[in-house]
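Here is a friendly briefing to read beside the structure. Have the sequence and the 3D view open as you go through the topics.

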Amino acid sequence: MAKNSGKTLYQCDICEKSFTRKARLTIHIRIHTGEKPYHCDICGRHFSRTDDLIIHKRVHTGEKPYGCEICGQAFTRRDSLTEHWRIHTGEKPYQCDMCTKSFSKRSNLADHKRIHTGEKPFQCDFCGRSFNQSNQLTKHKRVHTGEKPYPCDICDKSFSRNDELTAHKHVHTGEKPYQCDICGKSFSQSTAVTVHKRVHTKEKAYH
């Protein structure tokens, strides 16, 4: 216990971080000890803080008390609503100190920074390939498992990635959103534009 400007401080004897309340020190020490005394009586998962348990239980109950007043989307956590709100405001408070890019979420900034550092902490346990984002690893693993969680609601085809499903649906709708910037011809698939453009590059080669 120490004093700073007349206030009593409770100091962690492991990392020397100080707190003005003893209860906060008790919670903090669990980071070092790994103690998780609060358990979910539905799934058995354990937590170090009561408020984390309360938030977790909403996964089971479906309760989402924090609603966006613009679009109505609801969330289980207040900080999730705060992050969502930035979609509407355009606020991007997390700036990369290596380039000029900014992000609305701290986690997106952390993912982005790995582009600069080259760090790839997410490794495939099937083939050993590494990725700088966890969602990239999730998508990659479907190559090994054959999982296709995105089914077409018009036909019986399924896809491993959502963007593949979106591209496939253009076959049904007739939509052709990908346009050649040389001749203006439109296609339903972005890959088809790439293949088509070779017609123009070959033409130029013969002139």
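In helix 2, the buried residues are Leu53, His56 and Arg58. This is a predicted model, and the points below start from that helix and then move along the chain.

**Helix 2 and its surroundings**

- The buried residues of helix 2 pack against three strands: strand 4 (38-39), strand 5 (46-47) and strand 6 (66-67).
- Helix 2 runs over residues 50-61, and its 12 residues should span 16 Å at 1.5 Å a residue; the end C-alpha atoms are 17 Å apart, so the two values agree.
- An α-helix has 3.6 residues a turn, so residues three or four places apart point the same way.
- Just after helix 2 comes Gly62, with a positive phi of about 80 degrees.

**Helix 5 and its surroundings**

- Which residues of helix 5 are buried? They are Leu137, His140 and Arg142.
- The cover over these buried residues of helix 5 includes strand 10 (122-123), strand 11 (130-131) and strand 12 (150-151).
- Helix 5 (residues 134-145) also has 12 residues, and from its first C-alpha to its last it reaches 17 Å, close to the 16 Å expected at 1.5 Å a residue.
- Gly146 follows helix 5 and has a positive phi, near 80 degrees.

**Annotated spans and domains**

- The unreviewed UniProt entry carries the annotation "domain: C2H2-type" for residues 10-37, 38-65, 66-93, 94-121, 122-149, 150-177 and 178-205.
- In the span 38-65, the chain is 43% helix and 14% strand, with its end C-alpha atoms 22 Å apart.
- In the span 150-177, the chain is 43% helix and 14% strand, and here the end C-alpha atoms lie 21 Å apart.
- A division of the chain into domains gives domain 1 (94-145) and domain 2 (150-201).
- The centres of domain 1 and domain 2, taken over C-alpha atoms, are separated by 26 Å.

**Cysteines**

- How many disulfides does the structure hold? The count is zero.
- Cys43 is in no disulfide, and the nearest cysteine sulfur, that of Cys40, is 3.8 Å away. A disulfide needs the two sulfur atoms within 2.5 Å, so this distance does not qualify.
- Cys43 counts as partly exposed, at 42% relative accessibility.
- Cys124 is in no disulfide either: the nearest cysteine sulfur belongs to Cys127 and is 3.8 Å away.
- Is Cys124 buried or exposed? Cys124 is buried, because its relative accessible area is 2% and the cut-off for buried is under 20%.

**Salt bridges**

- Side chains of opposite charge can pair when their charged atoms come close.
- A search of the whole structure turns up 15 salt bridges, among them the pairs described here.
- Glu35 pairs with Arg30 in a salt bridge, and their closest N and O atoms are 3.7 Å apart. Glu35 is partly exposed at 42% relative accessibility, whereas Arg30 is buried, with a relative accessible area of 13%.
- Arg49 and Asp51 meet through their side chains in a salt bridge of 3.3 Å, N to O. Arg49 is partly exposed, with a relative accessible area of 33%, and Asp51 is partly exposed, with 35%.
- Which residues are linked with Arg49 in a network of salt bridges? They are Asp51 and Asp52.
- Arg77 and Asp79 form a salt bridge in which the closest N and O atoms are 2.9 Å apart. Arg77 has a relative accessible area of 31% and is partly exposed; Asp79 is partly exposed too, with 38%.

**Two residues to look up**

- Arg86 lies in helix 3 (residues 78-89) and counts as buried, at 11% relative accessibility.
- Leaving aside neighbours within four places in sequence, Arg86 is in contact with Glu91, Pro93, Tyr94 and Ser104.
- Glu16 has a positive phi of about 70 degrees, although it is not a glycine. Most residues other than glycine have a negative phi.
- Where is Glu16 placed? Glu16 is in the loop between strand 2 (7-11) and strand 3 (18-19), and at 59% relative accessibility Glu16 counts as exposed.

Notes: Residues numbered from 1 in each chain as written. Heavy atoms only, no water. UniProt positions renumbered as here; feature names shortened; annotations may be inferred. Helix = DSSP H or I, 4+ residues; strand = E, 2+ residues; numbered from the N terminus. Expected span 1.5 Å × (residues − 1). Buried < 20%, exposed > 50% of the residue type's maximum accessible area, 1.4 Å probe, protein only. Contact = heavy atoms within 4.5 Å. Salt bridge = Lys/Arg side-chain N within 4 Å of Asp/Glu carboxyl O. Domains from an automatic or database assignment.
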